[in-house]
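Reader: I'd like to learn how to read aromatic rings and burial in a protein model. Can you walk me through it?

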Amino acid sequence: VTSLIVTFIFGPKMIRTLRMRQGKGQPIREDGPASHLLTKRGTPTMGGLMILTSMVASVLLWMDLSSIYVWACLFVTLGFGAIGFLDDYDKVTKASHKGLSGKMRLIFEFLIAGVAAWMIVNQHGNTALYVPFYNGPAIELGPFYFCFAAFVIVAFGNAVNLTDGLDGLATMPVIIASVAFMMIVYLVGREDYASYLGIPYVEGAGDLAVVCAAIVGAGLAFLWFNAPPAAVFMGDTGSLALGGALGAIAVTAHHEVVLGIIGGLFVLEALSVIIQVFFYKRTGRRVFKMAPIHHHFEQMGWSEPTVVIRFWIISFILALAGLSTLKLR
């Protein structure tokens with residue numbers, strides 16, 4: 001509620017400021033859908049600042065200040081948000097959609113994710129990988145778990161970033177995933193519930209429910225301004241930060257594989273880009289009409305609201321599938 005109210009209060013003023021400072025707004029891909037050049041040109045970006053400001057303020061107000069898990073999650077959120085901000089700033093000032101180099105971004109993202117993974121694992125000391133729908137022993141990764149945890153955080157941050165291509169497309173799935181993980185971290189943080197459900201118990205993980213709730217509130221308020229036609233874009237500032245936050249939450253709760261199910265829409269978007277680039281470089285042919293895959297459906301004739309709402313439905317179904325792993329073992 002706090003993050004919702006803060007975003008509603010300061011959102012309009014922040015949008016006006018971004019519009020004044022950015023002038024022409026976010027550069028639009030010339031090779032993207034032709035309709036975007038007409039409908040989205042001039043829309044300001046960096047709207048993720050609205051989400052991050054209200055989210056961090058409300059978390060700091062309501063969190064347990066001694067929780068290492070919350071601090072690790074905030075570290076990822078603000079670190080990835082800073083990288084996204086620099087990327088957005090570079091795009092706006094150079095009037096190009098390219099932004100920072102991919103290699104530079106990944107280096108800084110892995111550094112931030114690596115520190116966060118160390119903070120989390122150093123707190124609970126568990127380096128095992130838990131497989132959903134399976135009640136047997138977990139897979140012990142040992143020191144390799146640090147690399148795996150960092151990869152999950154970076155991969156999910158970039159997956160959400162790739163999904164953020166249509167008005168409201170990434171926002172609602174992030175909200176849905178946050179609601180699902182709000183339930184998961186609460187259950188994981190309760191020894192009695194964790195024992196009953198056969199899921200890993202992580203003392204103090206329930207504190208991350210505050211972070212999840214803050215994302216939900218800020219996301220809902222942002223969606224008010226981001227609904228088609230968008231008054232502001234989230235930009236890399238918001239999408240990278242929110243994806244990284246969800247990755248850090250999943251690593252803390254030892255539900256990394258479940259994150260791949262609940263956030264399956266983001267995984268699909270990322271895979272579509274990987275598949276497209278892989279086959280095009282080797283064969284010169286495209287698997288999809290355009291990647292990420294939401295543009296493929298636009299090229300097939302689906303309207304933007306149709307793509308967005310249908311992807312929301314898919315996201316909700318995947319969240320239910322992910323939550324079912326809590327009991328189906």
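Reader: Let's start with F225: is it buried or exposed?

Author: Keep in mind that this is a predicted model. The general idea is to look at relative accessible area: under 20% is buried and over 50% is exposed. F225 has 12% relative accessibility, so it counts as buried.

Reader: And what about F8, buried or partly exposed?

Author: F8 comes out at 34% relative accessibility, so it falls in the partly exposed class.

Reader: How do I read the ring pair that F8 and F225 make?

Author: Check two things, the distance between ring centres and the angle between planes; over 60 degrees counts as edge-to-face. By that rule the count here is 9 aromatic pairs. One of them joins F8 and F225, with centres 6.2 Å apart and planes at 65 degrees, and it is edge-to-face. F8 belongs to helix α1 (residues 2–22) and F225 to helix α9 (residues 208–226), so this pair ties together parts that lie 217 residues apart in sequence.

Reader: Which residues are in the cluster with F8?

Author: Ring pairs link F8 with W224 and F225 into a cluster.

Reader: Why is the pair of F85 and Y89 called stacked?

Author: For stacking, the planes have to be under 30 degrees apart. The planes of F85 and Y89 are at 20 degrees, with ring centres 6.3 Å apart, so the pair is stacked. Now look at where they sit: both are in helix α4 (residues 68–94), and being 4 residues apart they are separated by about one helical turn. F85 is partly exposed at 31% relative accessibility, and Y89 is partly exposed too, at 48%.

Reader: Which charged residues sit over a ring here?

Author: For these, look for an Arg or Lys whose charged end lies over a ring face. R190 does this with Y193, lying 4.5 Å from the ring centre. R310 has its charged end over the ring of W302, 4.6 Å from the centre.

Reader: What can I learn from a single residue such as E269?

Author: Begin with its place in the fold, then its cover, then its contacts. E269 is in helix α12 (residues 264–283). Its relative accessible area is 0%, so E269 is buried. Setting aside neighbours within four places in sequence, E269 is in contact with T163, L169, P292, I293, H294 and F311. Distance in sequence and distance in space are separate things to check: E269 and D236 are 33 residues apart in sequence and 16 Å apart in space, C-alpha to C-alpha.

Reader: How many helices and strands are there in the protein?

Author: The protein has 14 helices and 2 strands. Its radius of gyration is 19 Å, close to the 20 Å that the globule rule gives for 329 residues, so the protein is as compact as a globular protein of that length. Buried residues make up 52% of the 329. To see how the chain folds back, look at contacts with a separation of 6 or more: residues 24 or more positions apart account for 75% of them.

Reader: Which elements have the lowest and the highest mean pLDDT?

Author: Always check the predictor's confidence before leaning on a detail. The average pLDDT of the protein is 90, and 92% of the residues score at least 70. Among the elements, helix α2 (residues 34–39) has the lowest mean, 50, while helix α7 (residues 171–188) has the highest, 97.

Technical notes:
Residues numbered from 1 in each chain as written. Predicted model: local features only at pLDDT ≥ 70, side-chain atom pairs only at ≥ 80, totals over all residues. Heavy atoms only, no water. Phe/Tyr/Trp six-rings, centres within 6.5 Å; stacked < 30°, edge-to-face > 60°. Buried < 20%, exposed > 50% of the residue type's maximum accessible area, 1.4 Å probe, protein only. Lys NZ or Arg CZ within 6 Å of the ring centre and 35° of its normal. pLDDT = per-residue confidence, 0-100. Rg over C-alpha atoms; globule rule 2.2 N^0.38 Å. Contact = heavy atoms within 4.5 Å.
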